[in-house]
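This briefing sets out selected features of the structure shown below, grouped by topic. Strand pairing comes first, followed by burial and the cysteines.

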Amino acid sequence: MQALVYEGPQQLRLRDLEKPRAGACEALVRVERVGICGSDLHAYHGHDDRRPAPLILGHEPAGTVVSGPDAGRRVAVNPLVTCGRCRSCLSGRQNLCPDREILSMPPREGAFAEYIAVPYTNLFTVPDTLGIAQAALAEPMAVAYHAVRLALAQIDSNLSTGTAFVIGGGAIGLGAALVLRARGLGRVVVLEANPLRREVLSAEPGLEVRSPDDAALPGAGGCDLVVDAVGAEATRRIASDKARAGGVIIHPGLQGGLEGLDIRRMTLQEITFIGCYTYTMVDFAETVEWLAAGRFGALAWIEERPLAEGATAFAEIVDGRCAAPKVILNPTGSSTR
């Protein structure tokens, strides 16, 4: 099979590899679409010790089961593999399983490949009404769905008159904004620094898309909810400034660092801060339902490319030359094995 392999910082190469073999309780899935995530970019720069080279990256796949009794089933793949026995798993918070594994981290290779082997329990049926490229959005949209669900549980005001401020217009930030729109937030503002991406986001109805120097940005303490979909020191400072007294900051961003939060202000103003990671099985299932029902909107902001152009896509995203909030690679085609 063909696979796009991370071989070192900013080095991706298309290679011929053997197909993986499905283990007990696993299915072999032909990957038909797979998204490029921010964590893939982090690894691409050599900044993620959890993803050492050589490794197949990619954890946002959708495709078709080709082995076993479910052969022919179209699926979105939850890449988070958990034990099913620990306290977190048994309480429905599988994302906190201490033994969790994820596609694209050893010992599991990722999905920038023609085939992957995954547990049957991680497969979610894609309805015929949903395109396979849109199904590949299930993973990042589930992160956004989970984040908004946690945040809205803490909001103490009327959603229809509330203001949400989303930092970052990539797939997770945009996804959070789309969930907030669907949940009835009165005003949803997305902060995005890349002018190419702002142009794409501005076509999405019901969202305000602003640059960092826009005079129309909400003022200090002006937001009921802040979503930090970047997770850097600078964006945490913005989040601390924008949240109102009694407001909520949700933090799905993973860029890292220890600084940025104004802890004194958050204490004096009783601002709730919630760290959030991935999603539960229920979140993932409900996200697929939302995608199929069109609740995220038209999803016209994705860009598809062949797997063979993956290295070019990575470089363009890093250089800010890619306008799409989500680039999706297509591994389908002839195989040498």
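**Strand pairing, burial and cysteines**

Leu191 has Arg210 of E13 as its bridge partner. The model in which this pairing is found is a predicted one. The points below begin with the sheet that contains E13, then turn to the other strands and the cysteines.

**The six-stranded parallel sheet**

- E13 belongs to an open sheet of 6 strands, which pair in parallel and follow the order E13-E12-E11-E14-E15-E16.
- At the edges of this sheet lie strand E13 (208-210) and strand E16 (272-275), each of which pairs on one side only.
- From one strand to the next, the twist averages 15°.
- Strand E12 (residues 187-191) is joined to E13 by 3 bridges in the parallel sense.
- Helix H4 (residues 138-152) lies across three elements, namely strand E14 (223-228), strand E15 (243-251) and E16. The helix runs at about 155° to E15.

**The three-stranded antiparallel sheet**

- A further open sheet consists of 3 strands in the order E2-E1-E4, and its pairing is antiparallel.
- Its edge strands are strand E2 (11-16) and strand E4 (55-56), each with pairing on one side only.
- Strand E1 (residues 2-8) and E4 run antiparallel and are joined by 2 bridges.
- Within this pairing, Leu55 in E4 stands opposite Tyr6.

**Strand E3 and its partners**

- Strand E3 (residues 26-35) runs antiparallel to E9, with 5 bridges between them. Val29 has Ile116 of E9 as its bridge partner.
- E3 also pairs with E5 in the antiparallel sense, over 5 bridges. Here the bridge partner of Val31 is Gly63 in E5.
- E5 is joined in turn to strand E6 (residues 74-77) by 3 bridges, and these two strands run antiparallel. Thr64 has Arg74 of E6 as its bridge partner.
- In general, the strands of a sheet pair through backbone hydrogen bonds, in either a parallel or an antiparallel arrangement.

**Burial of strands E9 and E5**

- Why is strand E9 (residues 115-119) described as largely enclosed by the rest of the structure? The description applies because 5 of the 5 residues of E9 are buried.
- In a regular strand, side chains alternate between the two faces of the sheet.
- Both faces of E9 are covered, with Tyr115, Ala117 and Pro119 buried on one side and Ile116 and Val118 buried on the other.
- Ile116, the bridge partner of Val29, is thus among the buried residues of E9.
- Strand E5 (residues 61-65) is mostly covered as well, since 5 of its 5 residues are buried.

**Cysteines**

- How many disulfides are counted in the model? The count is 0.
- The closest cysteine sulfur to that of Cys97 belongs to Cys83 and lies 3.7 Å away, which is too far for a bond, because a disulfide requires two cysteine sulfur atoms within 2.5 Å.
- Is Cys97 buried or exposed? Cys97 counts as buried because its relative accessibility is 0%, where the limit for burial is under 20%.
- Cys276 takes part in no disulfide, and the nearest cysteine sulfur, that of Cys37, is 13 Å away.
- Cys276 is buried too, with a relative accessible area of 11%.

Notes: Residues are numbered from 1 along each chain as its sequence is written. This is a predicted model: local features need pLDDT of at least 70, side-chain atom pairs count only at pLDDT 80 or more; totals for chains, interfaces and linings use all residues. Side-chain values use heavy atoms; hydrogens and water are left out. Buried means under 20% relative accessible area, exposed over 50%, partly exposed in between (1.4 Å probe, protein chains only). Helices (H or I, at least four residues) and strands (E, at least two) are DSSP runs, numbered from the N terminus. Two strands pair if DSSP finds at least two bridges between them. Axes are lines fitted to C-alpha atoms, for helices over the stretch in contact, and angles run from 0 to 180 degrees between N-to-C directions. Contact means heavy atoms within 4.5 Å.
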